[in-house]
Amino acid sequence: MNKINLSKYQPIADIQDNIVFANNGNVVLSYEGNLPEIYSLSEKDFEDMHGAWFQALKSLPIGTVVHKQDIYLKKSYSSEQLPNSTFLEKATHEHFKGRGHIEHKCYLFFILTKNKALNNSKYVNPFRKVSKGIVQELDDNVKRFVNSVSDSVSFINNSRKMEFISLKAEEIQKLTNGYFNGFNEG
């Protein structure tokens, strides 16, 4: 198997707020989701959630890639935050201390794939001057994309069953490092 040296070939060119500029030209908006607990919804609630997803995603620009990633990690429960003074509290503390559980995290990524028109030889040639109109056009495309994604996420958040929060640059970097390390700690 071929190994990729990520320190030599960084997949992320830049991060600004929750916007990731990938080294392949893609623009990615990153969100962390809070979803309802499993088995806590009725059939009507599922229909409402499906309708919210459908309405939110159909308004995105053509060519947008939506990637929803659910990460389940096996963890040991830390009972440090439980009270530990009375007999019953001590028994509860000892019962849950170190007990295994599954931690669930949900992430949502909206990806604007790079503009295919930029593969034109006049833009690829490093010695040819790029016109300011192209840079402005790309900037406008990114602004329109960010606005449409913000509208979609707001629509999902208004459903009151799900909530998606923008990831910060440090959280995106931490998620990227964790992902490429198999979520192994240390």
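**Contacts of A52 and S152 in a predicted model**

Leaving aside residues up to four places away in sequence, A52 touches F155, I156, S159 and M162. The model in which these contacts occur is a predicted one. A52 itself belongs to helix α1, which spans residues 43-58. With a relative accessible area of 6%, A52 is buried, because a residue counts as buried when this value is under 20%. One of its partners, M162, stands 110 residues away from A52 in sequence, yet the C-alpha atoms of A52 and M162 are 9.6 Å apart in space.

A second residue, S152, may be considered next. S152 is located in helix α4, which comprises residues 132-157. Its relative accessible area is 1%, so S152 is likewise assigned to the buried class, for which the limit is under 20%. When residues up to four places away in sequence are not counted, S152 is in contact with A56, S59 and L60. Of these partners, A56 falls within residues 43-58, the range of helix α1.

The chain as a whole provides the setting for these two residues. It contains five helices and six strands, and their order along the sequence is β-β-β-α-β-α-β-α-α-β-α. Among contacts with a separation of 6 or more, 73% join residues that are 24 or more positions apart; the pair of A52 and M162, at 110 residues apart, exceeds that separation in sequence.

Burial and surface can also be stated for the entire chain. Of its 186 residues, 24% count as buried, A52 and S152 being among them. The accessible surface of the chain amounts to about 13600 Å², and carbon and sulfur atoms contribute 54% of it.

Key. Residues numbered from 1 in each chain as written. Predicted model: local features only at pLDDT ≥ 70, side-chain atom pairs only at ≥ 80, totals over all residues. Heavy atoms only, no water. Helix = DSSP H or I, 4+ residues; strand = E, 2+ residues; numbered from the N terminus. Buried < 20%, exposed > 50% of the residue type's maximum accessible area, 1.4 Å probe, protein only. Contact = heavy atoms within 4.5 Å. Areas by Shrake-Rupley, 256 points an atom, 1.4 Å probe, with all protein chains shown as cover.
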